[in-house]
Structure formats: structure tokens, C-alpha cells
Amino acid sequence: MKEIHVEDMRCIHCQEKIQKALKLNRIAGKVILETKTVEVEDGEAEKAVEAIRNAGYTPSL
């Protein structure tokens, strides 16, 4: 599993928006608001970073 940090994920709305972006891109992932992280499979990390960025957030691996 890869952990993507999303420092600008601040609320439940942000969490839901990121989860929706992952789902639209057919990426299975766990969005954790408390730690401001997204967990995805290793092979999906780059695709997930792009989806999160396109949703308006600033992800980093």
C-alpha cells in the first residue's frame, strides 16, 4: 500500500470529494481525514495523485 498525504484535506466534504474522485477513476482507496492521508495499492499511486490533484487538492507521496 502507498500512503498519499493531502495536507489541504480539512473536513468531511474534502474527504467525500477525494473519495468521489478516486471512484470516478476506478481507484480503490481509503481516505482518512484524521491523518490527512489516502491509502491506495502501489500500482495505483500515480493515478490517484493525478485524480486528487484534479479534484483541487495538493497530494504528495
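In which helix is Gln15 found? Gln15 belongs to helix α1. This report describes the predicted model from the chain as a whole down to single residues, and returns to Gln15 along the way.

**The chain as a whole**

The chain contains 2 helices and 4 strands. Their order along the sequence is β-α-β-β-α-β. For 61 residues, a compact globule would have a radius of gyration near 10 Å; the value for this chain is 10 Å, which agrees with that expectation. The C-alpha trace extends over about 25 × 20 × 15 Å along its principal axes.

Of the 61 residues, 38% are buried. The chain exposes an area of about 4,000 Å², and 49% of it is supplied by carbon and sulfur atoms. When contacts between residues at least 6 apart in sequence are considered, 57% of them join residues at least 24 apart.

**Strands and their pairing**

The table lists the strand pairs, each with its sense and its bridges.

| Strand pair | Sense | Bridges |
|---|---|---|
| β1 (residues 2-6) and β3 (residues 37-40) | antiparallel | 4 bridges |
| β1 and β4 (residues 59-60) | antiparallel | 2 bridges |
| β2 and β3 | antiparallel | 4 bridges |

Strand β1 thus pairs with β3 and is also joined to β4. His5 illustrates both pairings: its bridge partner in β3 is Thr37, and in β4 it stands opposite Ser60. Strand β3 in turn pairs with β2, where Lys30 has Glu39 of β3 as its bridge partner. The strands β2 and β3 form a hairpin, with 4 residues between them. Within that turn, Lys36 has a positive phi of about 55°.

**Helix α1**

Helix α1 covers residues 12-24, and its 13 residues should span 18 Å at 1.5 Å a residue; the end C-alpha atoms are 18 Å apart, so the expected and the computed span agree. The buried residues of this helix are Cys14, Gln15, Ile18, Ala21 and Leu22. Viewed down the axis of α1, these buried residues fall within an arc of 125°, and therefore they line one face of the helix. On the other side of α1, the residues Ile12, His13, Lys20, Lys23 and Leu24 are exposed.

Which elements are included in what covers the buried residues of α1? Among them are β1, β2 (29-32), β3 and α2 (45-54). After the helix comes Arg26, whose phi is positive, near 55°.

**Two residues compared with the cut-offs**

Is Gln15 buried or exposed? Gln15 has a relative accessible area of 19%, and because buried means under 20%, this residue counts as buried. Leaving aside neighbours within four places in sequence, Gln15 is in contact with Met9, Val31, Ile32 and Leu33.

Arg53 lies in helix α2. Its relative accessible area is 49%; since exposed means over 50% and buried under 20%, Arg53 is classed as partly exposed. Arg53 and Val40 are 13 residues apart along the chain, and their C-alpha atoms are separated by 15 Å.

Conventions
Residues numbered from 1 in each chain as written. Predicted model: local features only at pLDDT ≥ 70, side-chain atom pairs only at ≥ 80, totals over all residues. Heavy atoms only, no water. Pairing = 2+ DSSP bridges. Expected span 1.5 Å × (residues − 1). Buried < 20%, exposed > 50% of the residue type's maximum accessible area, 1.4 Å probe, protein only. Arc of directions from axis to C-beta. Contact = heavy atoms within 4.5 Å. Rg over C-alpha atoms; globule rule 2.2 N^0.38 Å. Areas by Shrake-Rupley, 256 points an atom, 1.4 Å probe, with all protein chains shown as cover.
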